[in-house]
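Let's take a walk through this one together. Have the sequence and the 3D view open, and we'll go piece by piece.

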Amino acid sequence: MSTVIGVGFSEKKDPYVAGSEAAQTALYQIHHRKISLSFLFSTIHFSHEKLLEGISYVVGSPRLLGCSGANLIVSDGLRPYGVGVMFISSEKLRCGIAAATDWKTKGAGALGEEWAHAALKDLNEPERHQALIFPDGLIENGSELLRGVKNVLGKSFPVLGASSADNFRFVRTYQYFCDSILSNSLVGAVIGGGLSFGMGLRHGWKPLGKPHTITASVGNVVKTIDNKPAIAIYADYFGQPAGEIAQALIRISTNYPLGLYIPGEREYILRNALRVDDEGGLVCQGDAAAGTEVRLMMGTKSRALTAATEAATEAREALKNCAIRGALIFESISRSKLLGRLTGDEMSRIKDILGDVPLVGISTFGEQAPLKSLEYYGSAHFHNETLAILAIGEPYGPGHGA
Amino acid sequence: MVLATALKQAGLAALVMNYAGMIGIIAVIVLVLVLVFKMERVKELNADLANLRRAFDDLDNQGKIILQTDLELHRAQEELDKKVSGLIALQELTRLISTTLDGEEIFLKIQEKHVSQIGFDKAIAFTRDADGYRLRTCIGYTWEEGEKVMNLLLGQPLLSRRILEEGRVFSSADEDRANKDVARLLALMALSSFVCAPIVQKDGTIGALLVGSESSFTQLTGGDKDLIYILATQIGQALENARLFEETWHAQQELEQKIQQRTHELSVALEEIKTVSKRKSDFISAVSHELRTPLTSIKGYASIVAAGKLGELPPEAKERIEKINKHSDNLTNLINNLLDISRIESGRVEMKMETIDLRAMVAEIGDMLAPPIKERGLTLALDLPEGLPPAVGDKNQIERVFINLVGNAMKFTPAGGRITVGAEDAGEHVKVSVSDSGIGIAEKDMSKIFDEFYRVDNEINAQVKGTGLGLSLVKYIVEAHKGKLTVASTVGKGTTFAFTLPKASAV
């Protein structure tokens, strides 16, 4: 077995101790082999230099990527407090890692391009299969950032990612890159080599009410719906004045996002509204083009759990001729809120499909993953409210009977 | 011809025209009919469309109802989830803080993960001691920030009154957002909402617990207030327990220290007593020996002189010599007793332990003492049952015990009285008693009668001389046999001395 993955978890109060404890556990699981790539996720309580020092104490200076999340995802469910580490040891893995900082000055699109160039440079090989990104979750237009990445890597290059979070504070999120803790940044890897990756993406939200049309929009701002200020859709459906809706917009829109109809896709693409602009337009986390059919969406625990099974199945089916060695799980903070104490059941469903493999992840402010339909040529888009799974597979050897 | 042809043609044309007109009319009629039919169809379609629109709008309205209902359910579910998570965290925290009896450690048990579990980001707790309010725990703030937050709370009259004076929970959600004091406080504490509950002990509020959320999307509920109040109460209770434990522990330590000190003092005193006692015994032994030698000479010479071996004495001289002889006997007896006590006390007397038939021994002593008993008008009764198990002891010493006790009874029992010597099997011992129907011993004298040289202040003792060593000697002899000597007495009714001796079968 040339690829081994180990995960470690800690709830120790001191970030240094937590980092070293999680790293020690993960290192033990990979039998103290050389680390090819490592991932670090934590709740914001641990976002401190000491966390990385604790990891360095155990494993030196590994090639490390990750970010803060609203919750930490471990194999038995969600933890509102903790540190999770994944170490991958593989002779087949090739990757280029990079960090691009200061999106506020450069703009999200430029940041995406800068990161992609740097990652390709670090990879320094023509063969590449997958990009994995962790952008600052406070970037208002996630689609713009993704456009920058795709401008360099290609429109249909498979990109999966998780936007860092700070548990509904919306103040500061953190990105981890080698021995640095960053904010306002994008970190990630372009992966090549002999490993395979299976992506699965589902949300389970269903449309309610009649279809409406976005009649005017600018990038990620939906200006009007059915020629009325976009906020009116929430005011109308919830029977509350627009002012009251605006006050509680994030809470309402995370539970009841806008669903954009995408021809050929099994599910609507979801958009959370972050705020209301001066004209009553809804500022969303991703693009929403004029002319798109839009509906209000509603989720249930049962459908969210079914979506978890479907996402895991999708990731598993993409790795038919591979042994799954581990998986990264990125789940929207809204799903965590919806599922409440059932997040343990969600993880059980994922493990039922992927097997009892090492898992780690976070609750995010947004996810990046490709659309499946032919019309979109597998192009990656920004998503809200989804469960995104990246299963890491190792192709069976020639003698394998499967 | 031409005309006919023209007429014919004209007729034909007219006919054609007629036909064409008819066809046209028919066509128009058909078109009108089609139009009417189409219009009807359009009408029907419009009606269908209107129905569809209405149905669509109805569905949309139903969707709105579903959404609004779902929103309510969602809030209730979220509240319920929050409560359950909070209760789980509370249960864990309660378990943790109730397992420690150290006031400082109680606060160390409250950690960031617990604050997260109950849905908050930051927390501080402070309590009052002799020097004023002191920050005890600080989560999500630096210690300096925590102290600032504490001082802010203490300096805010609305909060300090409600929490510390009235012992009520305060939630920022209870106040109007426009309340400038609360808004200012929230900004200074870097929070968007908070709950603060009093830490209460039996004597009243001693501090407060504050938990807060940075996220403006956190909605505080009544459940949050209840939860934080319970947690603060648990902390107060745990602190109370810790305080009580500490007090008890200190009292116990103090007591143990006192006991140790007292034990040490007693040990020192005991050693001193032992030393003094040994010196006394040595002194008595030395003095007795030194006294006995000249006394023997005095008595010997007095006996010779009294017997007239050195010539007949005048009656006055003989009387004096006999008194010298008698007092020499008393003195010898006193010295012997003192020597015996001294020897027994210092362990210099070795008891020659042997089996004793108490019935036989008592009978012999009865015979021996029968004349003086009779002379005093007393009755001696022996109540030793047949089959009384034999005892183990030094025969001579036990005889001295009997003689002393019976002699004592004879001394303090008026004529006509009765002396009874009894014995019984008492498990591993044989219990022997000497009872009389004499004058008895007063309660105040009971504890002193075994002291050396102690003599009860009564009429008989005033008339009859004694050494005050008899009962002391008895006690020493009985204790040297690992027995126990007791006395029971009623003034005017009599006295019973009882002692135990080891049973032969038990040795």
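Which residue is the bridge partner of Phe126(B) in E5(B)? It's Ala208(B). Keep in mind as you look around that this is a predicted model.

That pair is a good place to start with chain B. Phe126(B) sits opposite Ala208(B), and the two strands involved are E1 (residues 122-129) and E5 (residues 204-213) of chain B, joined by 6 bridges and running antiparallel. In general, strands of a sheet pair through backbone hydrogen bonds, either parallel or antiparallel. Step back a little and you'll see an open sheet of 5 strands in chain B, in the order E2-E1-E5-E4-E3, with antiparallel pairing. Strand E2 (132-139) and strand E3 (170-171) of chain B are at the edges with a single partner strand each, so one side of each has no neighbour in the sheet.

Now look for the helices that go with this sheet. Helix H4 (residues 143-155) of chain B lies across E1, E2, E4 and E5 of chain B, and runs at about 130 degrees to E2(B). Helix H7 of chain B, covering residues 222-306, lies across E1, E3, E4 and E5 of chain B, at about 30 degrees to E4(B). Taken as a whole, chain B has 13 helices and 12 strands. Of its 507 residues, 28% are buried, and 66% of the chain B contacts with a separation of 6 or more are between residues 24 or more positions apart.

Over to chain A, which has 11 helices and 26 strands. Here buried residues make up 61% of the 402 residues. For contacts with a separation of 6 or more, 82% in chain A link residues 24 or more positions apart.

A handy landmark in chain A is strand E26 (residues 387-395), where 8 of the 9 residues are buried. Strand E13 (residues 196-202) of chain A runs antiparallel to E26(A), with 7 bridges joining them, and Met199(A) has Leu390(A) as its bridge partner there. Strand E22 (residues 322-332) of chain A is also antiparallel to E26(A), joined to it by 9 bridges. In that pairing, Ile329(A) stands opposite Ile389(A).

Some of these names come back in the largest nonpolar core. That core has 106 residues, and the ones touching the most other members are Val85(A), Ala327(A), Ile389(A), Leu390(A) and Ala391(A). Helix H9 (residues 301-317) of chain A gives the most to this core, with 7 residues. If you click on Ala327(A), you'll find that the residues it touches include Leu354(A), Val357(A), Leu359(A) and Ile392(A). There's also a second, separate core of 47 residues, with Phe120(B), Leu159(B), Leu164(B) and Val211(B) among them.

Next, find the loop between H9 and E22 of chain A, where Ala318(A) lies. Is Ala318(A) buried or exposed? It counts as partly exposed, because it has 17 C-beta neighbours inside 10 Å, and being buried would take 20 or more. Ala318(A) touches Gly198(A) and Met199(A). Met199(A) is 119 residues away along the chain, yet the C-alpha atoms of Ala318(A) and Met199(A) are separated by 7.1 Å.

Finally, see where the chains meet: 24 residues from chain A and 23 residues from chain B make up the contact. On the side of chain A, the elements giving two or more residues are strand E14 (206-218), helix H6 (231-238), helix H8 (249-255) and strand E21 (293-298). The residues on that side are 11 nonpolar, 6 polar and 7 charged.

Notes:
Residues are numbered from 1 along each chain as its sequence is written. Chains are lettered from A and ligands numbered from 1 in the order in which they are written. This is a predicted model: local features need pLDDT of at least 70, side-chain atom pairs count only at pLDDT 80 or more; totals for chains, interfaces and linings use all residues. A nonpolar core is a set of buried Ala, Val, Leu, Ile, Met, Phe, Trp, Tyr and Cys residues joined through C-beta atoms within 7 Å. A residue is buried if 20 or more other C-beta atoms lie within 10 Å of its own, exposed if 12 or fewer, and partly exposed in between; C-beta atoms are placed from the backbone. Helices (H or I, at least four residues) and strands (E, at least two) are DSSP runs, numbered from the N terminus. Two residues are in contact if their C-beta atoms, placed from the backbone, lie within 7 Å. Two strands pair if DSSP finds at least two bridges between them. Ala, Val, Leu, Ile, Met, Phe, Trp, Tyr, Cys and Pro count as nonpolar, Asp, Glu, Lys and Arg as charged, and the others, Gly among them, as polar. Axes are lines fitted to C-alpha atoms, for helices over the stretch in contact, and angles run from 0 to 180 degrees between N-to-C directions. Lists of a residue's contacts leave out its neighbours within four places in sequence.
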